Structures are given as C-alpha cells and as structure tokens.
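Reader: I am new to this structure and would like a close look at a single part of it. Could you choose one part and take me through it slowly, with its surroundings?

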Amino acid sequence: MSRPVDNNKNQPLDLASFAETHQVNVSVVPVESPADARVRRGKDIALFTVALMGVLAVAGYCLYVLVARIGSADDAKWAAATLTAIVGGLLGYLTGRSQK
C-alpha cells in the first residue's frame with residue numbers, strides 16, 4: 001500500500017485563511033513536572049525570605065541610627081534616605097504599580 005504524497009510539506013501554513021473559518025486560541029505552556037515545580041517554588045521562597053530578611057536588617061539599622069542618635073548628622077542623612085527608599089519600594093510593591 002502506498003502513502004499519500006504531501007505536496008505542501010515545505011509550504012508555510014496560512015493562518016489567516018484558517019482563522020476565517022475557525023476560532024484560533026494559541027498558548028504556550030511550559031512542560032514542568034510536579035517535582036520541578038516544587039523545587040522551583042522552594043528556591044523562590046528561599047530567595048524571597050533571604051531578601052526580606054536583608055531588607056528588614058537594613059531598615060532596622062537605619063531606624064536604630066535615627067532613633068538612638070548615634071553617629072553624625074551625615075549618618076542620619078543616609079539612614080533617612082535609605083529608609084525612605086525602602087518604604088517607597090514597599091509601597092510600590094504593595095500597590096503593584098508598574099510602568100507600561
């Protein structure tokens with residue numbers, strides 16, 4: 001028995017003519033096993049936790065410099081500027097604003 005010959009083997013698929021008579025939904029879904037997903041989520045949580053602890057440590061030290069009045073006026077300036085940046089970043093994260 002012979003196979004049918006496909007003459008359009010190397011021809012591009014014309015999606016415009018196909019879409020006129022059909023509804024087309026295209027999506028790209030990554031293939032990820034449950035074990036890989038669990039590892040990725042664990043890494044994401046660990047990274048978030050370490051970053052949050054670092055930001056909280058810096059913010060705590062800035063508050064300590066400002067409240068305890070240790071150091072010079074220049075120390076209070078950088079502590080206030082750093083604390084302002086941290087609070088601004090936190091508010092931006094919470095409100096979810098992004099430039100598009």
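Author: What follows is a walk along helix 2, with the pocket that it helps to line and the loop that comes after it.

The model is a predicted one, and it helps to begin with the whole chain, which has three helices and zero strands and, read along the sequence, follows the pattern α-α-α. Of its 100 residues, 6% count as buried, while the accessible surface of the chain comes to about 9400 Å², with 62% of that surface belonging to carbon and sulfur atoms.

Helix 2 covers residues 34-68. A simple check can be made on its length: at 1.5 Å a residue, the 35 residues of helix 2 should span 51 Å, and because the C-alpha atoms at its ends are 50 Å apart, the expected span and the model agree. The buried residues of this helix are Ala37, Ala59, Cys62 and Val65, and helix 3 is included in what covers them.

Helix 3, which covers residues 73-95, appears again beside helix 2 in the description of the largest pocket, since these are the elements that give two or more residues to its lining. A general remark is useful here: when a probe the size of a water molecule is rolled over the atoms, it shows where empty space is left. The largest pocket has a volume of about 280 Å³, and its lining is made up of Phe48, Ala51, Leu52, Val55, Leu56, Ala59, Ile86, Val87, Leu90 and Tyr93. Helix 2 gives the most to this lining, with six residues. Sorted by class, the lining holds 10 nonpolar residues, with no polar and no charged ones. Ala59 therefore has a place in both descriptions, as it is one of the buried residues of helix 2 and also one of the residues that line the largest pocket.The last stop is arginine 69, which lies just after helix 2, in the loop between helix 2 and helix 3. Most residues other than glycine have a negative phi. Arginine 69 is not a glycine, and yet its phi is positive, at about 55°. With a relative accessibility of 70%, arginine 69 counts as exposed, because the cut-off for that class is over 50%. The walk thus ends at an exposed residue, after a helix whose buried residues include Ala37, Cys62 and Val65.

How values were computed
Residues numbered from 1 in each chain as written. Predicted model: local features only at pLDDT ≥ 70, side-chain atom pairs only at ≥ 80, totals over all residues. Heavy atoms only, no water. 1 Å grid on protein atoms, 1.4 Å probe; cavity = no way out; pocket = protein on both sides within 12 Å on 5 of 7 lines; lining within 4 Å. Points joined across faces, edges and corners; volume = space filled by probe spheres on them. Helix = DSSP H or I, 4+ residues; strand = E, 2+ residues; numbered from the N terminus. Nonpolar A, V, L, I, M, F, W, Y, C, P; charged D, E, K, R; others polar. Expected span 1.5 Å × (residues − 1). Buried < 20%, exposed > 50% of the residue type's maximum accessible area, 1.4 Å probe, protein only. Contact = heavy atoms within 4.5 Å. Areas by Shrake-Rupley, 256 points an atom, 1.4 Å probe, with all protein chains shown as cover.
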